[in-house]
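Open the model in your viewer and switch to a cartoon drawing. The stops below tell you what to select and what you will find there.

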Amino acid sequence: MPAPCAICHNERGNDIVVSREMKMGTGERFRYSLCAACGSLDLVDVPEDLGRYYPEGYYAYAFSPSPAKAALRRFFDRMRLKNHFGGFGLGSVLNRVSKPLEYLEWLDTAGLGPDARVLDIGCGSGELLHHMSWGGFPRCVGADPFVPQSARTAGGKNLLFAPMDVAAYAATSPEPFDLVMFHHSFEHMEDPDQVLSAASSLLAPGGTILISIPLADSHAFYTYRGNWRGMDAPGHLHIQTQKALGILADRHGLTIYASSRVPSWRGVVISRMYEKNIPDCKARPIEEMFSPEELALMKQEAEAADARGESDAGYFYLRRK
Ligand SMILES: [Zn+2]
């Protein structure tokens with residue numbers, strides 16, 4: 001039986017989509033309920049021990065930078081930030097020749113500067129927060145119930161990891177944040193309403209909640225269904241559409257004031273891989289898994305999906321109404 005939708009609560013006409021566990025490659029089957037009204041997916045068969053799917057090695061790149069590397073990055077990134085926010089000097093050269101610091105686009109969109117206090121919910125290995133702390137942001141906090149012990153290395157006094165979920169963290173921390181981020185973590189959480197409400201309670205006036213997330217209103221889901229990489233069964237408990245996110249934001253007094261979608265290419269490649277029964281743990285270089293003809297067709301397919309605005313992941317910026 002399909003379940004009532006977790007987001008819009010619709011019960012009529014919902015369907016079942018079956019997806020398999022393809023990260024560790026066990027192939028276990030899990031049912032999702034697909035909402036006929038808002039297009040969201042909710043996991044029906046929630047395993048009793050979800051922690052089993054987050055083993056200590058889940059974060060493939062346990063992040064423990066050497067003190068020398070950290071010191072160098074701290075030196076250079078601070079110059080780059082100074083330049084980005086209006087200074088001159090060596091930072092401008094570095095910014096011209098180096099790969100952009102990914103978080104600057106988020107800050108610019110949110111209208112925030114180098115004094116932003118940042119909370120990363122579901123921070124995983126904590127790599128992003130290490131990077132932001134090197135940039136000199138005054139407070140970088142990560143909340144994640146599964147954060148591995150190895151990731152909790154001290155990165156300076158502006159960096160802190162809380163091994164708990166956002167609701168527990170919100171209950172203990174009255175301190176507000178200017179940027180509360182979910183990077184591919186929101187879909188892992190049991191209760192989207194509780195999580196968004198807790199995140200909203202942690203927002204400073206004018207602050208932004210940034211959610212990057214897989215999207216079910218996408219070519220890759222429409223085409224690959226249970227083999228779509230965005231299902232990531234059973235880790236992804238609730239997968240939304242742009243419409244569903246709008247409903248959820250509205251319910252919590254928030255508005256989506258900016259959004260963007262990422263290119264479709266990875267979504268098409270990984271979904272095709274699953275279609276061929278290749279789990280993540282058995283992935284090989286792309287040229288070994290697909291013929292040149294397949295790759296050419298996949299490229300066309302991804303480009304067409306992008307042109308229609310149907311890529312399978314995106315960024316959403318929310319603030320209080
Ligand atoms: Zn719905």
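Select strand β11, residues 313-320, together with strand β8, residues 203-214. The two run antiparallel, and six bridges join them. This is a predicted model, so treat every position on the tour as part of a prediction. To see one of the pairings, pick L210; its bridge partner in β11 is Y317.

Keep β11 on screen and add β10, residues 254-261. These strands, β10 and β11, also pair in the antiparallel sense, over seven bridges. Which residue of β11 is the bridge partner of T255? Select R319 to see that partner.

Now show the whole sheet. It is open and has seven strands, in the order β6-β5-β4-β7-β8-β11-β10. The pairing in this sheet is mixed. Which strands are at the edges? They are β6, residues 159-162, and β10, and each of them pairs on one side only. Turn the view to look across the strands: from one strand to the next the twist averages 20 degrees.

For a parallel pair in this sheet, select β4, residues 117-121, and β5, residues 139-143. Five bridges connect β4 with β5 in the parallel sense. Pick V118 and then C140 in β5, which is its bridge partner.

Next, add helix α6, residues 192-201, which packs on the sheet. The strands touched by α6 are β4, β7 (177-183), β8 and β10. Compare the direction of α6 with that of β8: the two make an angle of about 145 degrees.

Hide this part and move to the other sheet on the tour. Four strands form an open sheet in the order β1-β2-β3-β9, with antiparallel pairing. At its edges are β1 and β9 (238-239), each pairing on one side only.

Begin with β1, residues 15-20, and β2, residues 29-34. They pair in the antiparallel sense over six bridges. Select S19 and look across to F30 in β2, which stands opposite.

Continue from β2 to β3, residues 41-43. How many bridges pair β2 with β3? There are three, again in the antiparallel sense. Two pairs are worth picking here: L34 stands opposite L41 in β3, and Y32 stands opposite L43 in β3. The hairpin of β2 and β3 has six residues between the strands. Select G39 in this hairpin, where phi is positive, near 85 degrees.

The last stop is a pair of helices. Two packed helices are described by the angle between their axes and the distance between the axes. Select α9, residues 265-275, and α11, residues 292-307. They pack at an angle of about 135 degrees, and their axes are 8 Å apart. That angle makes α9 oblique to α11. The crossing of the two helices is right-handed.

Show the side chains at the contact. From α9, select W265, V268, V269 and R272; from α11, select M298, E301 and A302. What kinds of residue make up this contact of α9 with α11? Five are nonpolar, two are charged and none is polar.

Finally, check the length of α11 with the distance tool. At 1.5 Å a residue, its 16 residues should span 22 Å, and the end C-alpha atoms are 23 Å apart, which agrees. After α11 comes G309, with a positive phi near 70 degrees.

Methods
Residues numbered from 1 in each chain as written. Predicted model: local features only at pLDDT ≥ 70, side-chain atom pairs only at ≥ 80, totals over all residues. Axes fitted to C-alpha atoms, helices over the stretch in contact; angles between N-to-C directions. Parallel < 35°, antiparallel > 145°, perpendicular 65-115°, else oblique. Left-handed = near helix turned anticlockwise from the far one by under 90°. Contact = placed C-beta atoms within 7 Å. Nonpolar A, V, L, I, M, F, W, Y, C, P; charged D, E, K, R; others polar. Pairing = 2+ DSSP bridges. Expected span 1.5 Å × (residues − 1).
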